[in-house]
There are 2 protein chains.
Amino acid sequence: MTLGDVARAAGVSLATASRALNGATQVRADLRQRVRAAAERLAYSPNAHARALAKSSNAGVGVICHDIGDPYFAGIARGVMRAASRHDLQVILGSTFRDPLREISYASMMRGQRVRAMLLVGSGFENREWQESLRRELDLYRATGGRVAVISRHRGVRADAVLPENRGGAAELARSLLALGHRSFAVLSGPLSLTTVVDRLAGFRSALASWGIHLLSTQIVEGAFTRDGGYEATQELLRRGLRATCVFASTDVMAIGALAAFREAGLRVPDDVSLAGFDDIPMIRDLTPPLTTVALPLEDLGERAMEMALLPERPARVRVERVQGQVVLRASTGPPP
Amino acid sequence: MTLGDVARAAGVSLATASRALNGATQVRADLRQRVRAAAERLAYSPNAHARALAKSSNAGVGVICHDIGDPYFAGIARGVMRAASRHDLQVILGSTFRDPLREISYASMMRGQRVRAMLLVGSGFENREWQESLRRELDLYRATGGRVAVISRHRGVRADAVLPENRGGAAELARSLLALGHRSFAVLSGPLSLTTVVDRLAGFRSALASWGIHLLSTQIVEGAFTRDGGYEATQELLRRGLRATCVFASTDVMAIGALAAFREAGLRVPDDVSLAGFDDIPMIRDLTPPLTTVALPLEDLGERAMEMALLPERPARVRVERVQGQVVLRASTGPPP
DNA sequence: CTGAAAGCGCTTACAG
DNA sequence: CTGAAAGCGCTTACAG
């Protein structure tokens with residue numbers, strides 16, 4: 001079942017069949033009809049590879065995230081899918097499971113696929129070697145006209161970016177918590193090798209500093225970027241001795257684990273300790289207590305990055321869209337005991 | 001940057017360059033080295049479309065789900081990604097936003113893409129016309145060697161399938177709730193046009209029936225398959241007058257909304273009313289109270305369907321893997337007040 | 001083992 | 001408007 005078969009069935013040339021189906025050039029109405037009918041009758045399905053090869057252009061975009069099962073990435077992916085659907089683009093998905101090597105091999109695969117644009121979603125790794133390889137891969141990709149946009153990473157990769165204001169958001173959150181009366185804080189941080197974590201911690205810290213408050217190093221616990229990571233980090237924090245009235249988890253997902261750990265330890269939130277997260281993934285408003293957080297418009301992030309990557313712009317000029325986070329005070333934070 | 005360039009740089013023929021890079025046939029070691037080196041130096045990236053065209057085989061699989069932002073699908077997608085990664089397959093993702101037409105256009109697009117296998121994830125629609133179109137699309141796809149597997153749909157589509165035991169799971173859940181002492185029930189159902197909903201409702205109902213208990217029609221409320229759908233359905237149920245000691249929401253996502261609605265209405269769960277869901281999406285164990293549910297191994301579902309689609313089997317023989325749901329009693333259910 | 005050549009299924013100048 | 005032909009970048013019998 002090829003275009004050739006359709007052309008033969010319609011009694012026209014290959015070229016005419018192609019034109020009739022794609023409607024680029026004018027084709028006599030009756031011929032177009034015949035071709036269309038033949039294609040329909042034969043259930044013709046154009047070979048996307050042949051077409052991509054002949055046009056040397058592609059209707060695909062690539063999206064690489066760390067874990068499509070995580071509500072943060074799932075929310076962003078939802079926005080990406082919406083934008084892609086609007087532009088009739090197919091989406092090739094990569095989920096790295098937080099393995100830097102896998103990220104690079106996805107990028108390379110997508111380059112081979114000649115996707116029109118590539119989206120990297122999520123924090124990068126603070127890893128010199130990885131940064132080198134990725135940059136090289138992306139440069140090669142762009143050298144042949146590929147477009148790259150990133151969400152939430154800036155180190156190491158020079159590309160169009162949608163950047164949540166991690167620093168600013170965390171600082172704003174800190175100020176809100178200070179306003180509630182808190183003066184001693186602890187932080188459940190994700191892996192410090194992730195730029196997002198570093199930024200959020202820095203923002204939080206600097207806002208405290210301007211009030212003359214410093215984070216004790218024992219009150220910063222590093223954990224995996226998962227619910228269980230938050231749970232375990234909290235247990236470790238309690239083991240070290242909690243010396244804070246308020247705990248900031250660098251993502252909501254971790255905060256969920258923290259909430260469980262506090263509950264198990266018999267600590268009430270917010271009566272005994274206040275708890276805040278970051279991202280505003282959908283479910284946290286249904287927790288008990290609902291979680292204070294810095295809200296990021298996840299779907300928007302995805303849509304905007306996709307649109308940005310698709311919008312041709314004079315190259316060598318990197319565009320950056322900064323996205324403000326919105327502090328949302330919910331019942332998980334209150335005045336210090 | 002094509003294979004031709006690499007061949008020239010290495011001083012060999014196109015054919016030899018191809019063989020050296022793909023390692024299918026034997027190539028003299030020194031030639032292979034030269035080709036590899038040249039490819040490396042030139043940062044050669046094989047054109048996936050050209051390759052797919054020449055081999056008329058493809059390293060891609062397609063996955064179509066209803067909403068990648070929903071934790072149920074995100075969980076399954078996670079499993080799919082794991083399996084795909086194991087087989088070095090790229091994944092093309094479709095998210096229908098619950099639009100039947102979009103599902104068909106995705107299927108058609110993936111057929112054009114000549115993907116090796118196609119996964120349809122999630123309940124089908126009870127819609128004659130849609131079923132016709134989809135079946136036609138899939139038949140055409142399979143006629144050319146395409147493989148199809150579905151998760152959780154059986155009506156209308158004849159294909160390899162991983163089927164959660166929706167009926168059995170719901171029935172088992174009902175029996176557990178009966179054992180707790182409940183004798184009056186209400187159901188928050190998703191759209192009755194979804195086979196999953198119909199099956200879960202039927203299973204629940206039949207288990208009750210064998211105890212001589214019948215669901216009042218006023219106590220079955222249909223809502224969207226979302227958190228807000230569950231919230232609104234619950235409000236409607238309360239408006240009609242709750243005449244049950246236990247409420248079954250046909251998915252966890254809906255149950256989350258129900259929990260919020262009950263809380264707002266001043267009803268305590270489970271003291272005033274028990275609540276149970278279905279699926280066991282990750283977050284529900286962290287709700288207050290944690291949600292009773294029928295646990296489905298979401299990631300497994302995805303992995304198994306992918307493996308099944310990849311495993312060539314004598315065609316015309318449809319394979320079905322049934323996956324038992326596990327009733328997990330948590331604190332959202334208790335004895336009737 | 002190696003190379004020249006045909007072929008995969010389309011698109012698109014180039015003539016007419 | 002229509003068609004013959006070249007070309008997109010690979011793979012793979014077929015000879016040597």
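**Group meeting: sheets, helix packing and unusual backbone in a two-chain model**

Let me begin with a loop in chain B, the one between helix 11 (252–264) and strand 9 (274–276), which is the place of B:Pro270. Please keep in mind throughout that this is a predicted model. The peptide bond that leads from B:Val269 into B:Pro270 is cis, with omega near 10°. In chain A, the bond from A:Val269 to A:Pro270 is likewise cis, with omega near 5°, and A:Pro270 is found in the loop between helix 11 (252–264) and strand 9 (274–276) of chain A. I point these out because most peptide bonds are trans, just as most residues other than glycine have a negative phi. On that second point, A:Arg98 is not a glycine, and yet its phi is positive, at about 65°; you will find A:Arg98 in the loop between strand 2 and helix 6 (100–112) of chain A.

Strand 9 of chain B brings me to the sheet to which it belongs. This is an open sheet of 4 strands in chain B, with the order 7-6-8-9 and parallel pairing. Its edges are strand 7 (220–222) and strand 9 of chain B, each of which pairs on one side only, and neighbouring strands are turned against each other by 15° on average, direction ignored. Between strand 8 (residues 246–249) and strand 9 of chain B, which run parallel, there are 3 bridges, and within this pair B:Val247 has B:Leu275, in strand 9 of chain B, as its bridge partner.

Which strands does helix 8 of chain B lie across? They are strand 6 (185–189), strand 8 and strand 9 of chain B, and the helix runs at about 165° to strand 8 of chain B. Helix 9 of chain B packs on the sheet as well, where it touches strand 6, strand 7 and strand 8 of chain B, and its direction makes about 170° with that of strand 6 of chain B.

These two helices also pack on one another: helix 8 (residues 166–179) and helix 9 (residues 195–209) of chain B have their axes 7 Å apart, at an angle of about 40°, and are therefore oblique to each other. The crossing of helix 8 of chain B past helix 9 of chain B is right-handed. Among the residues that make the contact are B:Ala170, B:Ala174 and B:Leu178 of helix 8 of chain B, and B:Ala202, B:Phe204 and B:Ala207 of helix 9 of chain B. Sorted by class, the contact between helix 8 and helix 9 of chain B has 9 nonpolar, 4 polar and 4 charged residues.

I turn now to the sheet that involves both chains. It is an open sheet of 12 strands with mixed pairing, in the order 11(A)-5(A)-4(A)-3(A)-1(A)-2(A)-2(B)-1(B)-3(B)-4(B)-5(B)-11(B). At its edges are strand 11 (320–323) of chain A and strand 11 (320–323) of chain B, each pairing on one side only, and the twist from one strand to the next averages 20°. Strand 4 (residues 147–151) and strand 5 (residues 160–164) of chain B run parallel and are joined by 3 bridges, and B:Val150 has B:Ala161 of strand 5 of chain B as its bridge partner. Helix 6 (residues 100–112) of chain B packs on this sheet and touches strands of both chains, namely strand 2 (90–95) of chain A along with strand 1 (60–65), strand 2 (90–95) and strand 3 (117–121) of chain B, while its direction makes about 160° with that of strand 2 of chain B.

Helix 6 of chain B has a helical neighbour too, since it packs with helix 7 (residues 128–143) of chain B at an angle of about 10°, the axes being 10 Å apart, which makes the two roughly parallel. The residues of this contact include B:Ile104 and B:Ala107 of helix 6 of chain B, and B:Trp130 and B:Leu134 of helix 7 of chain B; by class, the contact of helix 6 with helix 7 of chain B divides into 7 nonpolar, 2 polar and 3 charged residues.

Finally, a word on domains. The assignment for chain A gives domain 1 (3–46), domain 2 (59–164 + 299–323) and domain 3 (166–296). The C-alpha centres of domain 2 and domain 3 of chain A lie 28 Å apart, and 14 residues of domain 2 of chain A are in contact with 13 residues of domain 3 of chain A.

Note on methods. Residues numbered from 1 in each chain as written. Chains lettered and ligands numbered in written order. Predicted model: local features only at pLDDT ≥ 70, side-chain atom pairs only at ≥ 80, totals over all residues. Heavy atoms only, no water. Axes fitted to C-alpha atoms, helices over the stretch in contact; angles between N-to-C directions. Parallel < 35°, antiparallel > 145°, perpendicular 65-115°, else oblique. Left-handed = near helix turned anticlockwise from the far one by under 90°. Contact = heavy atoms within 4.5 Å. Nonpolar A, V, L, I, M, F, W, Y, C, P; charged D, E, K, R; others polar. Pairing = 2+ DSSP bridges. Domains from an automatic or database assignment.
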